[in-house]
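Subject: Handing over the two-chain model

Hello,

I am passing this structure on to you, and I have written down below what was found in it. Please keep it open beside this message as you read.

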Amino acid sequence: MSASDWLRDRLGLEALDHVIEKKRVPVHRHTFWYYWGGMTLFLFGVQVGTGILLVLYYRPSADEAYESVRFLMTQVSFGWLIRSIHSWSGNLLVGAAMIHMFSAFMLKSYRRPREVTWLTGMALFVLCLAFGFSGYLLPWNQLAFFATKVGTDIMSSVPLVGPFLGRLLRGGDQITGGTLTRFFGFHVAILPLCMTALLGIHLFLVQWHGMSVPPGVEQDTAAPKREMKFVPAFLLRDLVGWLAALGALALLAALFPWELGLKADPYAFAPAGIKPEWYFGYMFQTLRMIPARVFGIEGELLGIVGFGLGALVWALVPFLDAPDGRGPRARVWNVIGVLAMVYVIIFTLLVYRGAGS
Amino acid sequence: MRAALRFTLLAGLLLFGATAAKAAKDSCVECHRGLDEARLRAPTQGFSHDIHAERGLSCAACHGGDPADPEPSAMDPDKGFKGAPTRAQIAPLCASCHANVAFMKRYNPRPYVFSMGEWQTSVHAKLAAQGDAKVATCTSCHGVHGIRPPRDPASPVFKTNVPRTCAKCHNADYMKGHAIRTDQFALYAKSVHGVALLEKGDVSAPACNDCHGNHGAAPPGLKDVAMVCGTCHGREAELFAGSRMKSGMDALGKPGCVTCHGNHGVQQPTDAMLSAAAGGTCAGCHQPGSVAEQGTSAIVANFRELQGSLSTADSLLKLAEVRGMETGPGREGLKAAQDALVGVRAGLHSFDPKQIGAVLTEGAALSRKAMDYGREALRDWHNRRVGMALSLVVILILIGLVVAKIRQIEK
């Protein structure tokens, strides 16, 4: 018995062979959007790999965090590259997750029986944002310190649970070394644990239900139904995308290395033009543009409640849209999807134009 | 027992009477407030925010009399009325409280205690003793009937107000008939100290009293100058005190620091001062071609070299920063080299080529280290771009191979 047969016998690889052999991906005019789930997964893998390398040098305390990152960037061979790739890949990951989410929304991939797949996807997206928020503070530089202060202050304004949430995140009423250690714990233990569990369920459901076909393609009986094998045809195409993403990361890391800035000083003035990472930009800009009081209600509170309700409606869309994805109700949700995308793009751009400041 | 009871009753009545009198209106203020003559009315206007009034003292504390008496008899000399003190009486009058530690402790556990002895050493007191009626006394600087504590920014003796308060008397008009310079304020206002204090509000900069003293105000003597400057510029004064230059200047009767830096108009020292050639400060005493000039030239050459290398290191680090490189350790090295340059500037006051040379060598080594860091960062930046180009080539080849494989499979 060869070693391969020995392993196949013990690991039950026949069943896996069967799944691989059976798995097909529909081919139609929207197939391009299927690649974004794989792209998000690939970038998450890059995050895990580079993150593990960073943990080897990072020290999560207010006295040592900044110095350990600087040591990594200046003294450790390719340390700068690992940190730059981790930072850029984190941003590309959120971008890819957004494209994946909006394309799933517009192609109505959340329809029965994929409601739970959509819900786990939404939860994964929120986890990606939480990874970004917690990771941003870890270098303990001036910009991250004050951006986190603004972010946690906003969270403290959430009705009812806000003050508790703020203290839970900060480990007190102020951003301190304790907050840094706590964020490190979130970033490398709690969030990865949640991510692994949810990602496992999400990927299992994608395999279980197969790829969703958009209603327009599904109901076009005249067109021939085409598909390709997942292995190797689709996987190799995925690989082309991943290699392109790797090239983009190399380009970004070398041309625009992620800067470290000045060490956080709680007693210094907040730097001018402070703004969050781009993926929180549309929320930040909206809160900035809402008047201080609207119909007697505090503007910021109104904005936060609005975002909460918006996210809830967005998550519940599988239960609100037409089950077959066609008809007037479905068209209304298409319009809502387009408006949401336009809103996110325009308000994100406005942050960088300095509007409303 | 009965005697004790009587005593207690009497003491109680006296205490009640004293409290009632204190609570009663002050007849001095009541009357003077309504007088037609502005000169007599004026004291009541500023007195409400006077530190003495705030602490519960009344006009009678200085002028005597009976403030409980609502009639002009309140100003009866039999009731202790002294009237306005003469100029010569002012300092002793203020001293009667301010030189009394026990009395002042009622208002402040750590009081400033005025010393008549110190006051008498001042030029002001000496001239007053000679009958000069124009010289300053307590009220000239602190004001009268509206006196504020020195920590109050509205006080004429608050740090930033001191130069103008002195200039109220030390000007050409007031000083007519006195053989004294009157350009001090004009010079000071443009000096490095004056700009810092008057324009930037930097209260660590010296005002007139920091060099001349306040209650014992007098121009520093020839030998005192270095000590006066040294109270702030300690390192320079220490080096100068042990230098050959000090003994040389003493022999020639030249005041130490002032000879090169000036006094009231002292400017931010520049590196251009360091030259025995025309225009340089050393040229004021040392002849061209002298031993001093040769020694200075050697130091100046090394000094300029250090400045040049610091500038080069800064440019290299800036370029690396613009290109996105992390230069923190290089910047720290440069900061240490710049500190060494400051050390060289201080070290110049030793006028000892060996000592100056040692600091220059240390600065040059630190500066070279910062330059090396900048060059290394730029080399690294170049290597990264080459590495990126190579990795892109490898990735493109891999993409080409995968695309070829896809085509092969689908054929």
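A residue is called buried if 20 or more other C-beta atoms lie within 10 Å of its own, exposed if 12 or fewer do, and partly exposed in between, with the C-beta atoms placed from the backbone. This is a predicted model, in which local features need pLDDT of at least 70 and side-chain atom pairs count only at pLDDT 80 or more, while totals for chains, interfaces and linings use all residues. Residues are numbered from 1 along each chain as its sequence is written, and chains are lettered from A and ligands numbered from 1 in the order in which they are written.

Let me begin with chain B. Helix α19 of chain B (helices are DSSP runs of H or I with at least four residues, numbered from the N terminus) covers residues 291-322. From its first C-alpha to its last, α19(B) reaches 47 Å, close to the 46 Å expected for its 32 residues, where the expected span is 1.5 Å times one less than the number of residues. Its buried residues include B:Thr296, B:Phe303, B:Leu306 and B:Leu310, and the buried residues of α19(B) pack against α20 (328-347) and α21 (353-410) of chain B. Just after α19(B), B:Gly324 takes a positive phi of about 85°.

Next comes the place where the chains touch. Two residues are in contact if their C-beta atoms, placed from the backbone, lie within 7 Å, and the contact between the chains takes 21 residues from chain A and 19 residues from chain B. On the side of chain A that touches chain B, α11(A) gives the most, with 13 residues.

The largest nonpolar core (a set of buried Ala, Val, Leu, Ile, Met, Phe, Trp, Tyr and Cys residues joined through C-beta atoms within 7 Å) has 67 residues, and those with the most contacts inside it are A:Leu43, A:Leu93, A:Trp140 and A:Ala144. To this core α5(A) gives the most, with 13 residues. Apart from it lies another core, of 22 residues, among them B:Val359 and B:Met371.

Finally, is A:Ile345, in helix α15 (residues 328-353) of chain A, buried or exposed? A:Ile345 is exposed, because 11 other C-beta atoms lie within 10 Å. The C-alpha atoms of A:Ile345 and A:Gly281 are separated by 9.5 Å, although these residues are 64 residues apart along the chain.

With best wishes

Terms used. Helices (H or I, at least four residues) and strands (E, at least two) are DSSP runs, numbered from the N terminus.
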